[in-house]
Amino acid sequence: FMDRATDKNIADPKDVRKERHDAASAIVVSKNYKNELAFLLLNHKKIGKWIPIGGHVERFESPESAVIRELEEEVGISPIYWFDKNSKSWSSSPVLFGEKMEKIPAPEGMATHFHRDFIFVAINDYRSEEIFAGESAGRIKWFTIEDILKLDPGETTPETLELVKELEKFKEELLG
């Protein structure tokens, strides 16, 4: 695998399987009060960057179940609709939007590892920001595409920027 930032090999695929964790995350979208597309991001407490909401897939859990659980635990929401990019429509159950292999920097004293991140797109009411309750309630915020693109490189991840740019292609469908 190649690290996009340095164009260097970062791991042998055999090693990735040993040091890989499955994760599920959701980028929550909504129409804000100006009828613009808005994205709900979490300021991750360990890395201090704005990223989609998610976490590890537990043993015997599907990525779809994990993303629902993570949204409830982290933010206190249960999305009703999920975006299906193939049909360009909304579904009542989670639909995989994409999958990424991400290098996770090692916390002090630990080994670097990788996440195979299953990514979903959910919709939620923009006005509900004040009522979010969960483990991360104080570290979530709505961003427009322009807000995200204005972030300093150290404030988000390349994967988040890439995902937002991809979602921008579906702006009409996402705004409904």
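Me: How many aromatic pairs does a search of the whole structure find?

Reply: The search finds 5 aromatic pairs. Keep in mind as we go that this is a predicted model.

Me: How do I read such a pair, and how are the rings of Trp50 and Phe143 arranged?

Reply: A pair of aromatic rings is described by two quantities, the distance of the centres and the angle of the planes. For Trp50 and Phe143 the centres are 5.0 Å apart and the planes meet at 65 degrees, so this pair is edge-to-face. Planes over 60 degrees apart count that way.

Me: Where in the chain do these two partners sit?

Reply: They come from distant parts of the chain, with Trp50 in strand S5 (residues 50-51), Phe143 in strand S11, and these positions 93 residues apart in numbering. Trp50 is buried at 15% relative accessible area, and Phe143 is buried too, at 3%.

Me: And what is the geometry of Phe83 and Phe170?

Reply: Their ring centres are 5.4 Å apart with planes at 65 degrees, so this pair is also edge-to-face. It links distant parts of the chain as well: Phe83 belongs to strand S7, Phe170 to the loop between H4 and helix H5 (171-175), and they are 87 residues apart. Phe83 is buried, with a relative accessible area of 0%, and Phe170 is buried at 12%.

Me: Which residues do ring pairs link into a cluster?

Reply: Phe83, Trp90, Phe97 and Phe170 are joined in this way.

Me: Let's turn to strands. In which sense does S3 pair with S10, parallel or antiparallel?

Reply: For any strand, look at the sense of each pairing and then pick a residue and its partner to anchor the picture. S3 and S10 are parallel, over 10 bridges, and Ile27 stands opposite Val121 in S10. S3 pairs with S6 in the antiparallel sense over 4 bridges, with Ala26 opposite Ile53 of S6. S3 and S4 are antiparallel too, again over 4 bridges; there, Val29 has Phe39 in S4 as its bridge partner.

Me: What should I look at in the hairpin of S3 and S4?

Reply: Check the connection and its backbone angles. This hairpin has 5 residues between the strands, and Asn35 takes a positive phi near 60 degrees.

Me: Which other residues take a positive phi without being glycine?

Reply: Phe60 is one of them, at about 65 degrees. Phe60 lies in the loop between S6 and H2 and is exposed, with a relative accessible area of 78%. Lys88 is another, with phi near 55 degrees. Lys88 is found in the loop between S7 and strand S8 (89-91), and counts as partly exposed at 47% relative accessibility. There is also a glycine case: Gly76, just after H2, has a positive phi of about 80 degrees.

Me: How do I read helix H2 itself?

Reply: Start with the span, then ask what is buried and what covers it. H2 (residues 63-75) has 13 residues and reaches 18 Å from its first C-alpha to its last, close to the 18 Å expected. Its buried residues are Pro63, Ala66, Val67, Arg69, Glu70, Leu71, Glu74 and Val75. The cover over them includes strands S3, S4, S6, S7, S10 and S11.

Me: On which side of helix H4 are its buried residues?

Reply: First list them: in H4 (residues 158-168) they are Thr160, Leu163, Val164 and Leu167. They cover an arc of only 100 degrees around the axis, which puts them on the same side of H4.

Me: Finally, how many residues does the largest nonpolar core have, and which have the most contacts inside it?

Reply: A core can be read by its best-connected members and by the elements that feed it. This one has 21 residues, and Val28 and Leu40 have the most contacts inside it. S3, S4, H2, S10 and S11 each supply at least two of its residues, and the largest share, 4 residues, comes from H2. Leaving aside neighbours within four places in sequence, Leu40 is in contact with Val28, Ile53, Val75, Phe132, Ile140, Lys141 and Trp142. A second, separate core has 19 residues, including Phe39, Val121, Ile148 and Leu174.

Note on methods. Residues numbered from 1 in each chain as written. Predicted model: local features only at pLDDT ≥ 70, side-chain atom pairs only at ≥ 80, totals over all residues. Heavy atoms only, no water. Expected span 1.5 Å × (residues − 1). Buried < 20%, exposed > 50% of the residue type's maximum accessible area, 1.4 Å probe, protein only. Contact = heavy atoms within 4.5 Å. Pairing = 2+ DSSP bridges. Core = buried A, V, L, I, M, F, W, Y, C linked by side-chain atoms within 4.5 Å. Arc of directions from axis to C-beta. Phe/Tyr/Trp six-rings, centres within 6.5 Å; stacked < 30°, edge-to-face > 60°.
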